[in-house]
Amino acid sequence: MISRIYVTPKGKASFINSYLISHKLGDEKISKIAEALTNPILEDFSINKFLQVKGFTYAVEIGFKPGVTDNVGHTTKETITDLLHLKNNSDLAVYTSKIFLIYDHISKDKVKEIAFSLHNPLIERASVASFKEIKKKNGFSLKVPEVILEKTIPVIKVSLSKMTDEELEKIGKMGIMDNNGMRRGPLALDLSSMKVIKEHFIKLKREPTDIEIESLAQTWSEHCKHTIFANPIDDIKDGLYKTYIKGATNLIRKNKNKKDFCVSVFNDNSGGIIFDQDYLITHKVETHNSPSALDPFGGAITGIVGVNRDTIGFGLGAKPVANVYGFCFGNPEDTRPLFRDKDLKNKMLLPKRIMEGVIKGINVGGNCSGIPTLSGFVHYDDRYRGKPLVFAGTVGIIPRKINDKLSHIKKAQVGDYVVVVGGRVGADGIHGATFSSVAMDSNSPATAVQIGDPITQKKLSDALIKEARDMNLYNSITDNGAGGISCSVAEMAKEVCLPDGRQGGVKVVLEKVPLKYPGLRPWEIWISESQERMTLAVPKGKWKVFHKLMESRGVEAVMIGKFTNSGKAIVKWKGKTIMDVDMEFLHNGLPKHQLYTSPVFHKYTESTPPNPPLIIKGRVKGGVYTEILEKLLGTKNISGFSFISEQYDHEVQGSSVLKPLSGAGRINTDAQVFRPILNSNKGVVLASSVYPSYGDISTYHMAACAIDTAIRNIISVGGTLSELAILDNFCWCSSYDQTRLRELVDAVKACYDYAVGYGTPFISGKDSMFNDFKGYDEKGNPTAISIPPTLLISAISVMPNISKTVSPEFKKSGDIIYLLGETYDELGGGEYFKMLSVDGASVPKVNLKKNLKIYKIAERLISDELIRSAISVTSGGLGIALAKACIGGMLGCNVSISNVCQSLALADVKLFSESQGRILVSVSPKNTKQFEKIIKDIPYTKLGRTTQDGKVIVVDEGKKIIETTVKKLHGIYHSFSNKMS
Amino acid sequence: MKKIKIIIMSGYGLNCEEETKFAFEWAGTKKNVIADIVHINDLIKKPKMLSTYDILVFPGGFSYGDDTGSGKAYANKFKNHLSKELEEFLSRNTLTIGICNGFQIMTNLGILPSGLTYNKNGKYIDRWVDLETGSSPRHGGASSPWLKGIKKISLPIAHGEGHYVINEKEYKNLKKNNQIAFTYVKGEIATFQNLEYNPNGSDFCIAGVLAYNGRVLGMMPHPERAMFAHQSPLWQNNKKKQQEGAGLQIFKNAVNYFAK
C-alpha cells in the first residue's frame with residue numbers, strides 16, 4: 001500500500017513536507033505515524049489529501065530522483081520502525097519531498113522557471129500543479145520513485161587480447177561497452193596503461209573480467225596515483241612529489257633533528273604532527289571540484305564529510321576538531337549561459353547558484369557533524385566559471401598512545417576480518433575517481449554525484465573514535481573515498497603485517513556488501529563511492545563485541561571478507577571468483593611515463609621589471625586616493641564574507657579562541673586559533689593562502705607568496721614558526737599541455753625552496769590536475785574555460801599559550817601604528833591592478849632571509865605581550881590592511897606613509913603594493929620604547945596612531961591623500977556580504 | 001558528601017555533550033560531581049538508570065540532522081521508550097536543562113511550552129546575543145535554581161530553528177506563571193558589534209523558558225560556549241586574567257542547588 005502524509009505549518013504556509021510511504025501497515029498505524037511526524041503546536045497533518053490551505057495558485061513538488069540519498073526518508077523510516085516496534089522493516093520505504101506553495105497569480109511558465117531554480121535536475125525531480133489540479137486530485141500522485149534496475153549479466157569478460165589500439169583507447173576514454181552497446185563512462189586510462197593490462201592478461205592466458213579492469217582503473221587513476229606528480233618530468237627522474245615535496249619534508253626533518261615534530265606524514269589519510277606530549281594533531285585538505293560543478297550542494301557536503309573521514313581514518317582514528325574550507329568561484333553576477341552539450345540541453349549551473357549550493361553544503365556538513373568550521377576563504381575570478389574549486393579540510397586530534405601502542409601505527413593482520421561500517425552502497429558515486437581525472441564535458445556521469453548523510457557518519461564517527469578505538473577492537477582503519485572499497489580494501493591488504501616481506505592479500509565475498517537497493521552489478525558495488533563508509537580490519541576474536549557495539553549505536557557493520565597472505569586480491573560473487581589480481585600488479589603495474597615541459601611565454605617576465613606606467617589619465621583626481629581605497633575595499637576578493645562565516649557553527653566543542661570574525665566591526669580574520677583540549681593552554685592556529693593571479697606572471701612567485709602569506713598569517717596571531725607545518729593543494733588545468741607542466745614545475749620548485757628556507761615541512765597534500773571545461777555558448781559555439789593554475793597553501797601551527805592570541809583589529813585610540821617589513825614596487829598581479837584592469841609585471845617576491853628575521857621578532861613581540869593588534873598585509877596592500885584594522889576596531893587612524901618605501905615610489909605603490917613579509921601592528925604608547933628596542937634590527941616604519949573620532953586619514957609627503965571615516969569603510973566592507981545574505 | 005549525578009544524553013547526532021560535561025565538572029570542582037555521557041540506546045536498555053541521577057541534560061547538536069523537524073525524531077524515540085521514567089524523574093526534586101537542540105527536543109517531548117521553528121531569515125546563524133533573565137520584574141520575576149544571581153548575560157547562539165513561536169494569550173500565561181527564562185535584549189555585545197538583538201525573530205524575544213517551578217530550563221543560547229572568558233567577542237579588548245566566562249554560572253547554579 002502507498003500512503004502520503006502531508007505535514008503543513010500552521011498559518012499561511014509557504015511549503016508542505018510530504019512523506020510518501022510504501023508499506024503494509026493499516027490506516028490506524030499511518031495515523032499514528034502522521035502524529036509522530038507533526039509538532040501539533042506548529043503543524044497540522046493530513047493523509048492522502050491536501051489540507052485546506054487557501055489562496056495558493058500553484059504547488060511545486062521537489063523530491064529526489066530514484067536512488068538519490070534521502071536523509072529525511074531514512075530518519076522517518078527509523079522513527080516509524082521504532083514507533084511501531086517493527087522487527088522487520090524491509091517492506092517499508094519512505095520518500096520525502098517538499099511542496100512549495102506559490103500565492104502569486106503568474107503563468108505556468110513562470111512557475112516552471114521557479115521550479116527550475118528550486119532544484120537540480122541531475123538529482124532531483126520537480127512537478128508543478130495548479131490549485132485546481134490539486135483540488136481535483138486531492139494532492140499529488142501516489143507513485144513512489146523507487147529504483148528499478150534492469151536485469152543484467154552480473155559479470156562480463158572483456159576480450160582485450162584481440163583488441164586494436166584504437167579499441168583499447170576507446171575503452172580507456174569512454175569505458176567498457178555493456179551488452180546493450182552503451183559505454184559505462186570514463187576509465188581515464190591512456191593507451192599505454194591499457195596495453196600493459198592487455199599484456200598482463202595475455203601472459204595469464206585469460207581475458208580480464210569487467211570488475212578487474214574497473215578495479216585497475218580506480219587504483220591507477222590520476223586521482224589515486226597522482227601520476228603527474230609521480231612520473232619523471234624533464235630531468236627530474238624521481239618526479240615532482242618525491243624530489244620536491246617529500247624531498248623538502250625529509251630535509252627539514254633531518255635539519256630539525258631532535259626538534260622534528262612530524263610524526264606521520266604522507267603515508268596516511270592525514271598528516272600528523274606533535275601537539276603536546278600526550279596528543280598528535282592531524283590535518284588534511286581535499287578538493288571536490290568536479291562533483292561541486294555538477295551538484296554544488298552534494299559536491300561540497302560530500303567534500304567536507306569525506307575529508308572528516310580522512311581524520312577518522314588517521315592512525316587508529318583521530319577525532320575531528322575543526323573544519324576548513326576554501327572556495328574559488330566565477331563572478332556571481334555572471335549570467336551568460338553555458339552548456340555541456342552541442343544541443344544546448346545540458347545547461348551549466350550559473351556561478352551564483354554554484355556559490356550558494358557550495359556554501360550550503362559546507363554548512364550542513366560541518367554543522368550537522370558538530371565540528372567547528374573555523375577557517376576559510378573565498379576568491380573570485382571569471383576563470384572559475386567552468387569549474388569552481390572547492391577545498392575542504394579537517395583537523396583532528398588523537399592521543400599519541402592508545403592502549404600503550406603508538407596510535408599512528410596500524411596494520412591489518414592475516415586472518416583479520418574485512419569489515420565495512422556505515423552507509424550502504426548504491427549506484428551513486430560510480431566513477432568518481434576516474435571522472436575527476438578528466439575534463440568536464442557532456443559525458444560527465446551524473447552517477448558521480450552523491451549526497452552526504454552527515455548523521456550516519458556522526459554515529460559512525462562517535463562509535464569508532466569515542467568507543468571502539470579505545471576498546472582496542474580493530475587493528476587498522478581507513479576511509480572509503482575515491483574508488484570505494486576497491487581502493488580501501490586493496491590499500492589495507494597491501495599493508496598486511498607479514499614477517500618475510502611478502503605481499504599481503506585479501507579475499508572479499510562481494511554479495512555480503514549491504515546495498516541500498518537490489519540489482520547492482522558486482523563491479524558497481526566494488527567501485528561505488530557511496531558515502532559515509534569506513535573499512536576496518538577486525539580480529540576474529542573481537543568481531544562479536546565490535547558488531548554488538550556498532551548495532552547498539554545504530555551503525556551497520558558487515559564482515560565482507562578476510563585479509564590473507566596470498567599476495568592476491570580475490571573477489572567472489574555467489575561462489576565464483578570474479579577477480580583475481582596480483583597485489584603487485586594492482587599497485588605497481590602502472591607504467592611510468594616520461595613527462596616533458598616546454599617554456600612558458602608570459603607577456604611580462606621577471607626581466608621586465610617596471611610596472612606599466614601608472615599615470616593613467618584621470619585616474620587619481622588631484623592625487624587623492626580616498627575613492628580608490630574605498631572602491632578597492634568593496635571588491636569581492638577583499639571585502640568581508642560574514643554571510644559565510646556566520647552561517648557556519650565555529651563555536652561547537654567550546655574550543656574557539658580567535659574566531660572567523662573579530663572586533664566591533666566584525667572583520668574576517670586571516671588566521672584562527674582554537675583549543676582542542678579544553679584543560680590545556682595550548683592552541684592550534686590555522687591559516688591559508690592563494691594568489692592565482694600572481695601565476696599569470698610567475699607560478700614560482702605565486703607559490704612562494706602563498707607559502708609566505710600562510711606563514712605570516714599564522715605568525716601575526718601568535719603561532720610558532722618552529723612548530724608550523726604546511727599542506728599543498730595544487731589545482732591545475734590542461735595538464736597535458738607542456739607549458740602548463742612547466743608552470744607546475746616552477747611552482748613546485750618554489751614550494752621546495754621556501755618550505756626548506758622557513759623550515760616548515762609539508763605534511764600532506766593533494767592535486768587536482770584537470771580543471772577544464774569544454775562546452776558551448778548559447779549560440780552553440782565551442783567554448784573552453786580553464787582555471788588559472790591555483791596553489792592553496794594551508795598552514796597549521798601550535799601556540800604555547802592561547803591567552804597571548806592577538807587579533808587583527810585596532811583596540812584603543814592613541815595606540816601607535818607600525819609597519820614591520822619592507823615595501824617594494826610590486827603591484828603586478830595584485831588586486832589594485834586587477835581593479836584598474838592593468839597588466840602587471842613585477843609580481844611580489846619573497847625575501848626569505850629578511851622575512852624569517854621579521855617573523856621571529858614578531859613571535860617574540862607577541863610572546864612578550866608588546867603588541868595590541870597585528871594584521872598580516874596581504875591582498876590590497878597596506879591601504880587595505882589599515883582600513884581593515886580600523887573597521888575591526890571601529891577606530892580611526894592618522895598615519896603618514898611618506899617613509900614606507902625607500903625609493904621615490906608613487907603613493908600607489910606605498911598603499912597597494914602586495915610586497916610580502918609585512919605585518920601592521922599597533923602598540924600601546926607605554927610599550928613603544930621596549931617595542932622599538934626589539935625591532936631595531938628589522939626594517940619597520942612608524943606610521944602614526946589610532947584615533948577615537950573615527951576619521952581615517954593618510955598623509956603622504958605632507959599631503960592628505962586619504963580622508964574618510966571608519967563608518968563609511970565599514971559599510972563598504974560589508975556591502976557585498978550583506979547583499980549575499 | 002553525597003555525589004551529585006548528572007546524566008548528559010548523547011547519540012544520533014547530539015554533539016555538545018563533551019563540552020557540556022566539561023562545564024558541569026568544572027562548575028562542580030570540589031563538589032563531588034559525577035557527569036556521565038549516556039547514549040540514548042544504553043538508557044533505553046536500562047531505563048531504571050535514570051532514577052539514580054539528579055540532573056538531566058539534553059545538550060546541543062543536530063539529532064537526526066533536524067530531519068522531520070528539529071528535535072522531533074529524538075523526542076519521538078525518547079517518548080516511545082522512556083516516558084514513564086521521564087515522568088518519574090521530573091516528579092522528583094531534580095533539575096533538567098535543554099540547550100539549543102536539547103531545548104527543541106524538550107518542546108517536542110511536551111515538557112516545555114510551545115515550540116521552535118525556522119529563523120526569520122531562514123538561515124543558520126552563529127553569533128553572540130545579549131539576554132535578560134526572567135527574574136527581571138518586567139517578565140514576571142521568574143525564579144529558577146538555574147538562573148540564581150543572573151540578571152543579564154551574553155552567550156552565543158548557533159541554530160537554524162531558534163524562532164520561538166507563541167501567541168499572545170499563552171505568552172501572558174507564561175509571564176503570569178514565571179516561565180520566561182531569557183529574552184533577547186540590546187545589550188553589551190549587540191551594541192558593541194551593532195547587531196540586531198533578536199536575530200531569529202523569536203516571538204516576544206523569548207530565548208529560553210521554564211517549567212516545573214523553574215526546575216526545567218530550555219534555552220537556545222549555549223552557556224557552555226561561554227564558560228571561558230576568552231570565548232567572548234569582547235575578550236580581546238579586555239584580556240583580564242580570569243579564566244571563567246559568564247556562562248559557567250548556570251552550571252554552578254545547578255551544582256549548588258544540590259550541594260547545599
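This report walks through a predicted model, starting with chain A as a whole and then moving to its contact with chain B, one sheet, two loop residues and a helix.

**Chain A as a whole**

Let's begin with the overall picture. Chain A contains 29 helices and 39 strands. Its radius of gyration is 29 Å, close to the 30 Å that the globule rule gives for 981 residues, so chain A is as compact as a globular protein of that length. If you drew a box around its C-alpha atoms along the principal axes, that box would come to roughly 85 × 75 × 60 Å.

How much of the chain is buried? Of the 981 residues in chain A, 57% are buried. There is also plenty of long-range contact along the sequence: among contacts in chain A with a separation of 6 or more, 81% are between residues 24 or more positions apart.

Chain A is divided into two domains. Domain 1 covers 2–137, while domain 2 is pieced together from 608–639 and 806–981. The C-alpha centres of these two domains of chain A sit 55 Å apart.

**Where chain A meets chain B**

Now for the partner chain. On the chain A side, 42 residues are in contact with 42 residues of chain B. Four elements of chain A give two or more residues each to this side: helix H2 (71–83), helix H13 (351–369), helix H15 (454–468) and strand S23 (656–658). Which element gives the most? That would be H2(A), with 7 residues. Sorted by character, the chain A side has 15 nonpolar, 18 polar and 9 charged residues.

**A sheet of 7 strands**

Next, have a look at an open sheet in chain A, built from 7 strands with mixed pairing. Reading across, the order is S34-S36-S33-S37-S35-S38-S39. Strand S34 (869–872) and strand S39 (959–965) of chain A are the edge strands, each pairing on one side only. From one strand to the next, the twist averages 20°.

In general, strands of a sheet pair through backbone hydrogen bonds, either parallel or antiparallel. Within this sheet, strand S35 (residues 892–896) and strand S38 (residues 951–956) of chain A run parallel and are joined by 4 bridges. To find a spot along that pair, look for Asn894(A), which stands opposite Ile953(A) in S38(A).

**Two loop residues with positive phi**

Most residues other than glycine have a negative phi. Here are two exceptions, side by side.

| Residue | Phi | Other C-beta atoms within 10 Å |
|---|---|---|
| Arg666(A) | about 50° | 28 atoms |
| Ser734(A) | near 35° | 18 atoms |

Both belong to loops of chain A. Arg666(A) lies between strand S24 (661–662) and strand S25 (667–668), and Ser734(A) is found between strand S28 (724–731) and helix H23 (738–758). Are they buried or exposed? Arg666(A) is buried, because 28 other C-beta atoms lie within 10 Å and the cut-off for being buried is 20 or more. Ser734(A) counts as partly exposed, because its 18 neighbours fall between that cut-off and the 12 or fewer of an exposed residue.

**An enclosed helix**

Last stop: helix H7 (residues 210–220) of chain A. Why is this helix described as largely enclosed by the rest of the structure? Because 11 of its 11 residues are buried. Charged names turn up in that list, including Asp210(A), Glu212(A) and Glu214(A). Nonpolar ones are there too, among them Ile211(A), Leu216(A) and Trp220(A).

Terms used: Residues are numbered from 1 along each chain as its sequence is written. Chains are lettered from A and ligands numbered from 1 in the order in which they are written. This is a predicted model: local features need pLDDT of at least 70, side-chain atom pairs count only at pLDDT 80 or more; totals for chains, interfaces and linings use all residues. Domain bounds come from an automatic or database domain assignment. The radius of gyration is taken over C-alpha atoms; the globule rule is 2.2 Å times the number of residues to the power 0.38. Two residues are in contact if their C-beta atoms, placed from the backbone, lie within 7 Å. Two strands pair if DSSP finds at least two bridges between them. Axes are lines fitted to C-alpha atoms, for helices over the stretch in contact, and angles run from 0 to 180 degrees between N-to-C directions.
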